[in-house]
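Reader: Please take me closely through one helix of this model, covering how it ends, what it packs against, and which charged side chains tie it to the rest of the chain. I would rather have one connected account than a list.

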Amino acid sequence: MAHEFCHILFDRTRARKLSHVSGAWTTARVEKRANAFAAMFLASRTAVKRSFSDTSVEAVKKQAEMLDLGYTALVEHLFNLGLIGEAERDRLRAPAVG
């Protein structure tokens, strides 16, 4: 819902009346912004830093559950916050793909 809330706040001029801008025709940039907004809305920088200590897949899955975020969303959020680097993000992405 936080993702869609971002669309309502920032993208309503692109949408039809009584609708929102999310969908297959939306740009990747707009969707990426909505995902980042939702992650920050649900898991502030302070909350994530306070609970983040282990970068094992199991620990990140547990933290995602605790923060009420999807695993992949948390991995991207950790990267966006600068708490993990690109190599670590790629390593953590692998279980979500397989």
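Author: Helix α5 is followed by G82, a residue whose phi is positive, near 80°. Before going further, it should be said that this is a predicted model, and the description below should be read in that light.

The setting can be given briefly. The protein contains six helices and zero strands, so that, read from the N terminus on, the order of elements is α-α-α-α-α-α. Of its 98 residues, 33% count as buried, and among the contacts with a separation of 6 or more, 49% are between residues 24 or more positions apart.

Which residues of α5 are buried? They are Y71, L74, V75, H77 and L78. Around the axis these residues span an arc of only 165°, and therefore they lie on the same side of α5.

Several of these buried residues take part in the packing of α5 against α4. The axes of α4, residues 57-67, and α5, residues 71-80, come within 9 Å of each other and cross at roughly 100°, which means that α4 is roughly perpendicular to α5. On the α5 side of this contact are Y71, L74, V75 and L78, while α4 contributes V57, V60, K61, Q63, A64 and L67. Sorted by character, the residues of the contact of α4 with α5 comprise eight that are nonpolar, one that is polar and one that is charged.

Q63 deserves a separate look within this contact. Q63 belongs to helix α4, and it counts as buried because its relative accessibility is 5%, where the cut-off for buried is under 20%. If its neighbours within four places in sequence are set aside, Q63 is in contact with L74 and L78, and also with V48, S51 and F52. L74 and L78 are also among the buried residues of α5, whereas S51 falls within the residue range of helix α3, which is 45-51.

Helix α3 can be related to α5 through another pair as well. K49 lies in α3, and its C-alpha atom is separated by 9.1 Å from that of L78, although the two residues are 29 apart along the chain. Unlike the buried L78, K49 is partly exposed, with a relative accessible area of 46%.

Between α4 and α5 there is a loop, and D68 has its place there. The phi of D68 is near 65°, a positive value in a residue other than glycine. For context, most residues other than glycine have a negative phi. D68 is also exposed, since its relative accessible area is 63%, and the cut-off for exposed is over 50%.

The charged links of α5 centre on E76 in this account. A search of the whole structure finds four salt bridges. E76 forms one of them with R89, the closest N and O atoms being 3.5 Å apart; because E76 lies in helix α5 and R89 in helix α6, residues 86-97, this pair ties together parts that are 13 residues apart in sequence. The side chains of E76 and R93 also meet in a salt bridge, at 2.8 Å from N to O. This second pair likewise links distant parts of the chain, with R93 in helix α6 and E76 in helix α5, 17 residues apart.

How exposed or buried are the partners? E76 counts as partly exposed because its relative accessibility is 21%, and R93 is partly exposed at 32%. R89, by contrast, is buried, with a relative accessible area of 12%.

R93 has a further partner within its own helix. It forms a salt bridge with D90, where the closest N and O atoms are 3.6 Å apart, and both residues lie in α6, three residues apart, or about one turn of the helix. D90 is partly exposed, with a relative accessible area of 39%. Taken together, E76, R89, D90 and R93 are linked in a network of salt bridges.

To draw the account together, α5 has its buried residues on the same side and crosses α4 at roughly 100°, while E76 bridges to R89 and to R93.

How values were computed
Residues are numbered from 1 along each chain as its sequence is written. This is a predicted model: local features need pLDDT of at least 70, side-chain atom pairs count only at pLDDT 80 or more; totals for chains, interfaces and linings use all residues. Side-chain values use heavy atoms; hydrogens and water are left out. Axes are lines fitted to C-alpha atoms, for helices over the stretch in contact, and angles run from 0 to 180 degrees between N-to-C directions. Helices (H or I, at least four residues) and strands (E, at least two) are DSSP runs, numbered from the N terminus. Angles under 35 degrees count as roughly parallel, over 145 as roughly antiparallel, 65 to 115 as roughly perpendicular and the rest as oblique. Contact means heavy atoms within 4.5 Å. Ala, Val, Leu, Ile, Met, Phe, Trp, Tyr, Cys and Pro count as nonpolar, Asp, Glu, Lys and Arg as charged, and the others, Gly among them, as polar. Buried means under 20% relative accessible area, exposed over 50%, partly exposed in between (1.4 Å probe, protein chains only). The arc is that of the directions from the helix axis to the C-beta atoms.
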